[in-house]
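User: Hi! I'd like to go through this model with you and ask how each label is earned. Could you show it first?

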Amino acid sequence: MRILISNDDGIHAPGLAALAAAVMDLGEITIVAPDTVQSGAGHGITVHHPLTVREVDVALPTDGGATTVRGLSVDGRPADCVRLAVKSLLPEPPKLILSGINKGANDGICVFYSGTVAAAAEGCILGIPAVAFSAKATHDVDFPRAAKLCRWVLGRLLEAGLQRGDLLNVNLPDLSNPAWPVGVQVARQSTAELLDNYTLAADDADGRVYKIAGDYELGFDGHDADSVALAEGYITITPLRVDMTDHTKLTQWLARDWTGLTQAEGGEEG
Ligand code: MN
């Protein structure tokens with residue numbers, strides 16, 4: 001099985017190396033990842049400059065020390081990496097796309113800000129099942145342990161059978177708590193806002209400088225949300241979809257009368 005691995009923390013991130021090492025037994029691994037940190041890049045793609053691809057040695061932590069594999073770095077966004085890899089760099093499309101392991105959780109509304117989730121979502125858009133892995137981090141993440149947990153979750157997902165259209169967002173709780181994870185919870189994505197505010201850092205002739213202040217804290221959105229389970233020490237699995245259409249609202253808006261556009265409102269002239 002050909003597996004494409006990407007991330008948003010950059011090709012030299014320890015989370016990516018740990019994930020790649022942990023899933024090597026599943027097939028042929030190809031690493032295509034941003035050359036710089038792209039956290040918070042969301043689903044952006046690069047349109048104003050061509051993308052440069054370079055071969056990079058990636059040291060994978062293995063039991064016997066380290067194994068070096070060749071990866072490809074891209075001077076673009078996570079979504080660029082997956083698009084470019086699938087459309088141009090790989091001899092054939094991968095069977096599976098993995099993203100991560102991100103340093104920092106991507107639960108709740110963070111799925112919109114996250115480059116980690118975007119890389120996986122791009123795979124889903126291209127018809128390839130994809131899984132995003134992120135680990136909640138207060139300080140450092142024990143990536144070898146995180147990778148072991150991700151490998152276990154992935155094994156269970158593969159056992160269930162991943163197919164076209166599958167996009168799974170997996171978050172690990174803060175592993176600095178030795179009692180965690182307490183288990184696995186399949187949970188819906190919280191839609192509560194990111195509570196972080198902006199503080200005025202400078203105000204001079206150059207303009208006003210604002211810094212985001214906070215710890216990526218999310219608001220509360222019900223006990224069944226992923227953020228709650230994650231905060232309670234569970235590994236969370238959230239199936240996502242790229243179709244953002246609100247189908248209930250769609251029906252309501254479709255039921256309205258949309259005729260009546262005249263030339264006065266800018267309608268057709270003939
Ligand atoms: Mn990141």
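Analyst: Happy to. The protein chain has seven helices and eleven strands, and please keep in mind that this is a predicted model. Its C-alpha atoms fill a box of roughly 75 × 50 × 40 Å along the principal axes. Buried residues account for 45% of the 270 residues. Among contacts between residues at least 6 apart in sequence, 76% join residues at least 24 apart.

User: Let's pick one helix. Why is helix α4 described as largely enclosed by the rest of the structure?

Analyst: Helix α4 spans residues 115-125, and ten of its eleven residues are buried, so the rest of the structure largely encloses it. The buried ones are G115, T116, V117, A118, A119, A120, A121, E122, G123 and C124. They pack against several elements, including β1 (2-6), β5 (96-103), β6 (130-135) and β7 (167-172), as well as the helices α2 (78-89) and α3 (110-113).

User: What makes G123 count as buried?

Analyst: The cut-off is under 20% relative accessible area. G123 has 0%, so it is buried. G123 sits in helix α4. Leaving aside neighbours within four places in sequence, G123 is in contact with V82, I97 and I128. For a sense of distance, the C-alpha atoms of G123 and D206 are 41 Å apart, with their positions 83 residues apart in sequence.

User: And V86, how do you know whether to call it buried or exposed?

Analyst: V86 has 15% relative accessibility; buried means under 20%, so V86 counts as buried. V86 is found in helix α2. Beyond its neighbours within four places in sequence, V86 is in contact with L4, P93, P94, I97, L126 and I128. Of these, L126 is 40 residues away along the chain, with 8.1 Å between the two C-alpha atoms.

User: What is found at the two ends of α4?

Analyst: At the start, a side-chain oxygen of S114 comes to within 3.0 Å of the backbone nitrogen of T116. The S114 side chain also reaches the backbone nitrogen of V117, at 2.9 Å. After the helix comes G127, whose phi is positive, near 90°.

User: Why do those S114 pairs qualify as polar contacts?

Analyst: The limit for a pair of N or O atoms is 3.5 Å. The T116 pair is within 3.0 Å and the V117 pair is at 2.9 Å, so both satisfy that distance limit. S114 itself lies in the loop between α3 and α4. With 2% relative accessibility, set against the cut-off of under 20%, S114 counts as buried too. Not counting residues up to four places away in sequence, S114 touches D8, G42 and N106.

User: Now the helix pairs. Why is α2 called roughly parallel to α4?

Analyst: Two packed helices are described by the angle between their axes and the distance between the axes. For α2 and α4 the angle is about 25° and the axes are 7 Å apart. Angles under 35 degrees count as roughly parallel, so α2 is roughly parallel to α4. Their contact is made by P78, A79, V82 and R83 of α2 and G115, A119, E122 and G123 of α4. The crossing of α2 and α4 is right-handed.

User: What makes α1 oblique to α5?

Analyst: Helix α1 (residues 14-23) and helix α5 (residues 143-160) pack at about 45°, with their axes 9 Å apart. That angle is outside the ranges for roughly parallel (under 35 degrees), roughly perpendicular (65 to 115) and roughly antiparallel (over 145), so α1 is oblique to α5. The residues P14, G15, A18, L19, A22 and V23 of α1 meet F143, P144, A147, C150, R151 and L154 of α5. The crossing of α1 and α5 is right-handed.

User: Last one: which residues have the most contacts inside the largest nonpolar core?

Analyst: They are I5, L98, I101, V131 and F133, in a core of 38 residues. Apart from that core lies another, of 21 residues, among them V82, L84, I97 and A119. As for I101, its contacts beyond four places in sequence include L16, L19, F133, F143 and C150.

Notes
Residues numbered from 1 in each chain as written. Predicted model: local features only at pLDDT ≥ 70, side-chain atom pairs only at ≥ 80, totals over all residues. Heavy atoms only, no water. Buried < 20%, exposed > 50% of the residue type's maximum accessible area, 1.4 Å probe, protein only. Helix = DSSP H or I, 4+ residues; strand = E, 2+ residues; numbered from the N terminus. Contact = heavy atoms within 4.5 Å. Polar contact = N/O pair within 3.5 Å; in protein donor to acceptor, adjacent residues only side chain to side chain. Core = buried A, V, L, I, M, F, W, Y, C linked by side-chain atoms within 4.5 Å. Axes fitted to C-alpha atoms, helices over the stretch in contact; angles between N-to-C directions. Left-handed = near helix turned anticlockwise from the far one by under 90°.
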